[in-house]
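Trainee: Hi! Could you walk me through this one? I have never looked at it before.

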Amino acid sequence: MEQGKEVIPIFFTVDDKYIPFLAVAIQSLIENSTEKYYYLIKILYTDITEENKKKISKYERENVNIEFVDLNYYINKIKDKLYTRDYYSKTTYFRLFIPELYPQYDKAIYLDCDIILSDIANLYNIDLENNLVAAAPDDVIQTIEVFQEYAEKVVGVADYHNYFNAGILVMNLDELRKFGFQEKFMYLLSTVKFSVAQDQDYLNRLCKGRVKLFETTWNKMPIAGDSEEKEKLNLIHYNLAFKPWHFEDILYKEYFWQYAENTEFFDTIMEIKENYTEEERFENRESDRKLRELAQKECDCVGDDRKYRR
């Protein structure tokens, strides 16, 4: 029951395709939850079957509530403006509307579905001060030069080390509303098109200067050659092509399968892995190459005055 416990609002955005991986994320959340908190999970969607809703709802516990929120009515007004590429769906933008959709909350957690995590209460309790969001520096940006250039030249972040990944966010909903975040986002959406990281780029552009950076152990991506001790892994984010249900050689894959085995979607996920073809793996790698080319093209279209910075 919620009574007498601190409520932690947690938001996911998902479509039917990602339901099995949402189940793994929630399984890890439940196994690592503590009784002193009430975990209020809200799943924002536009396309989920009733059967999948029932399957996910079974994960409710005495201190874990799950609610599905249909955003079709809300998104239909602007869906034509929401640009996506490759395998992304428009659900990726839903996190940007949380402050206005939920005025009753001053603070919330947003999580991507391709994760496994320790007790999220430890991240929720971070002191946001007057920052708009708290997030971790993006591991991919920190390791690939063309994306570093893109973050600074195109997105406009002064230092690429401050460019954050938007898959794991502590959101200061009160300050975001005072800032007029949604209104500013809708204006920017009509004037600037970010084609590389889309909603993440918009967040970095709008929030720069008011971001609290936390350790990447709370958003650890399985980039090869960058292994971390298990004790330091608070949250693993199987971002971009780093999917253990697509490839064998993914760092930290054992932690994903540990939780996947405890869900009723384990056989489904194994079937996805077994049926993932070499052609799809090739397309996945090509997508990564094309994304780097796109970032370079964007950079080449922007002048560079960074040498004048102090």
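Trainee: Let's start with strand β7: which residues point one way and which the other, and are they buried or exposed?

Mentor: Happy to, and keep in mind that this is a predicted model. In strand β7, residues 168-171, I168 and V170 point one way, while L169 and M171 point the other way. All of them are buried.

Trainee: Why the back and forth between the two faces?

Mentor: In a regular strand the side chains alternate between the two faces of the sheet.

Trainee: OK. Which strands join β7?

Mentor: Strand β4, residues 108-111, pairs with β7 in the antiparallel sense over four bridges. Strand β6, residues 133-135, also runs antiparallel to β7, and two bridges join them. V170 is a handy landmark: I109 stands opposite V170, and so does A134.

Trainee: Now zoom out. How many strands form the sheet, and in what order?

Mentor: Seven strands form an open sheet, in the order β3-β2-β1-β4-β7-β6-β8, with mixed pairing. Strands β3 (64-70) and β8 (211-213) stand at the edges with a single partner strand each, so one side of each has no neighbour in the sheet. On average, neighbouring strands are turned by 25° against each other, direction ignored.

Trainee: You said mixed. Where is there a parallel pair?

Mentor: Look at strand β2, residues 37-45, which runs parallel to β3 and is joined to it by seven bridges. Within that pair, I43 stands opposite F68 in β3.

Trainee: What packs on the sheet there?

Mentor: Helix α1, residues 19-31, packs on the sheet and touches β1 (6-13), β2 and β3. The direction of α1 makes about 170° with that of β2. Helix α2, residues 50-57, lies across β2 and β3, and runs at about 160° to β3.

Trainee: Switching to the inside: which residues touch the most other members of the largest nonpolar core?

Mentor: That core has 58 residues, and F147, F164 and F185 touch the most other members. Helix α7, residues 145-155, gives the most to the core, with six residues. Another core, of 57 residues, lies apart from it, and includes F68, A121, F247 and Y259.

Trainee: What does F164 touch?

Mentor: Leaving out residues up to four places away in sequence, the contacts of F164 include V133, A135, P137, L169, L203, C207 and L213. There are polar names among its contacts too, including Q200 and N204.

Trainee: F185 was another of those three. Which residues of its helix, α9, are buried?

Mentor: In helix α9, residues 181-191, the buried ones are F181, Q182, F185, M186, L188 and L189. Seen down the axis of α9, they fall within an arc of 165°, so they line one face of the helix.

Trainee: What sits on the face of α9 turned away from that?

Mentor: The exposed residues E183, Y187 and S190 are carried there. The buried residues of α9 pack against α3 (72-75), α4 (98-101), α8 (173-179) and α10 (199-207).

Trainee: What comes between α9 and α10?

Mentor: A loop, and Q198 is found in it. Q198 counts as buried, at 0% relative accessibility. Its phi is near 50°, a positive value in a residue other than glycine.

Trainee: Which other residue has a phi near 50°?

Mentor: L240 has a phi near 50°, again a positive value in a residue other than glycine. L240 is found in the loop between β9 (235-237) and α11. For background, most residues other than glycine have a negative phi.

Trainee: Back to Y259 from the other core. Where is Y259 found, and what is it in contact with?

Mentor: Y259 is found in helix α11, residues 253-260. Y259 counts as buried, at 10% relative accessibility. Setting aside neighbours within four places in sequence, Y259 is in contact with V24, Q27, S28, E31, N32 and I116.

Trainee: Last topic: how many disulfides are there?

Mentor: The count comes to zero. Take C299: the closest cysteine sulfur is that of C301, 9.3 Å away, which is too far for a bond. C299 counts as buried, at 0% relative accessibility. C113 is buried too, with a relative accessible area of 5%.

Note on methods. Residues are numbered from 1 along each chain as its sequence is written. This is a predicted model: local features need pLDDT of at least 70, side-chain atom pairs count only at pLDDT 80 or more; totals for chains, interfaces and linings use all residues. Side-chain values use heavy atoms; hydrogens and water are left out. Buried means under 20% relative accessible area, exposed over 50%, partly exposed in between (1.4 Å probe, protein chains only). Two strands pair if DSSP finds at least two bridges between them. A nonpolar core is a set of buried Ala, Val, Leu, Ile, Met, Phe, Trp, Tyr and Cys residues joined through side-chain atoms within 4.5 Å. Contact means heavy atoms within 4.5 Å. Axes are lines fitted to C-alpha atoms, for helices over the stretch in contact, and angles run from 0 to 180 degrees between N-to-C directions. The arc is that of the directions from the helix axis to the C-beta atoms. A disulfide is a pair of cysteine sulfur atoms within 2.5 Å.
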